[in-house]
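Visitor: I'd like to go through this one slowly, with a reason behind each label. Could you show me the model?

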Amino acid sequence: MRNKALQELETLTNQLVNRDVELKKTYETLTLALTLCSIGVWDLDIPNNILKWDSNMIKIFNRNVSSYEDFLFCLHDDDRNFVSGAINKCLKEESRYDNKYRINTDEGIKNIHAIGEVTQRGTRFTGVCVVIK
């Protein structure tokens, strides 16, 4: 009985290790695809107002931010109210976000297309962003 339990435990451990390896491969492939396409990924923890950007977002914006307010500061003055209103509407309705706007960077003004949605019962706002050329 004990040997059978140990064999089952070993089998389950091997399955977990294999899944972990596959997950790492998938993550590496996705990261490469996003990098090659210059697509940034963002995630806002709504209750705690913590905004996380991947390395592509940091490259696009030429800076890192940690909050929603920091993000708004990056926006072109003429787009700030419009973007803020669109995001607030999306958060309130828990609907899909699809917007184009301009940002100020050290390299000048960039045109951005961002798509996202509210997830995890309204506690996360996650999406992607790309520079429009």
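Guide: What follows is a round of questions about how the labels on this predicted model come about.

Visitor: Let's start with the layout. What makes up the fold, and in which order?

Guide: There are four helices and five strands in the protein. Going along the sequence, the pattern reads α-β-β-α-α-α-β-β-β.

Visitor: How do you know how the protein compares with a compact globule of 133 residues?

Guide: Set the two radii of gyration side by side: such a globule would come out near 14 Å, but the protein has 20 Å. The box filled by the C-alpha atoms, taken along the principal axes, is roughly 70 × 30 × 20 Å.

Visitor: And how much of the protein counts as buried?

Guide: Of the 133 residues, 29% do. The accessible surface is about 9,300 Å², and 54% of that belongs to carbon and sulfur atoms.

Visitor: How far apart are the mean positions of the positive and negative charges?

Guide: They are 3 Å apart, with 18 positive and 19 negative charges going into the means.

Visitor: What makes a set of residues a nonpolar core?

Guide: The residues have to be buried, of nonpolar types such as Ala, Phe or Cys, and joined through side-chain atoms within 4.5 Å. The largest set of that kind here has 24 residues. Those with the most contacts inside it are Trp 53, Phe 61, Phe 71, Tyr 97, Tyr 101, Phe 125 and Cys 129. Elements giving two or more residues to this core include strand S1 (39-45), helix H2 (55-61), helix H4 (80-93) and strand S5 (124-132). The largest share, four residues, comes from H3. As a general matter, nonpolar side chains tend to be buried together in soluble globular proteins.

Visitor: Why is Tyr 97 called buried?

Guide: Buried means under 20% relative accessible area. Tyr 97 has 4%, so it counts as buried. The residue is found in strand S3.

Visitor: Which residues is Tyr 97 in contact with, leaving aside its neighbours within four places in sequence?

Guide: They are Val 83, Ala 86, Ile 87, Cys 90, Ala 114, Ile 115, Gly 116 and Phe 125. Gln 7 is 90 residues from Tyr 97 in sequence, and their C-alpha atoms are 49 Å apart.

Visitor: Why is Lys 59 called exposed?

Guide: Exposed takes over 50% relative accessible area. Lys 59 has 55%, so the label holds. Lys 59 lies in helix H2. Between Lys 59 and Ile 39 there are 9.9 Å, C-alpha to C-alpha, for 20 residues in sequence.

Visitor: What makes the backbone at Glu 94 worth pointing out?

Guide: Its phi is positive, about 50°, although Glu 94 is not a glycine. The residue sits in the loop between H4 and S3.

Visitor: Why is Glu 94 called partly exposed?

Guide: That label covers what falls between the 20% and 50% cut-offs. Glu 94 is at 48% relative accessibility, so it counts as partly exposed.

Visitor: Where does Gln 120 lie, and is the residue buried or exposed?

Guide: Gln 120 is in the loop between S4 and S5. At 55% relative accessible area, set against a cut-off of over 50%, Gln 120 is exposed. Gln 120 also has a positive phi of about 50° without being a glycine.

Definitions and conventions. Residues numbered from 1 in each chain as written. Predicted model: local features only at pLDDT ≥ 70, side-chain atom pairs only at ≥ 80, totals over all residues. Heavy atoms only, no water. Rg over C-alpha atoms; globule rule 2.2 N^0.38 Å. Buried < 20%, exposed > 50% of the residue type's maximum accessible area, 1.4 Å probe, protein only. Areas by Shrake-Rupley, 256 points an atom, 1.4 Å probe, with all protein chains shown as cover. Lys, Arg positive; Asp, Glu negative; His and termini not counted. Charge placed at Lys NZ, Arg CZ, Asp CG, Glu CD. Contact = heavy atoms within 4.5 Å.
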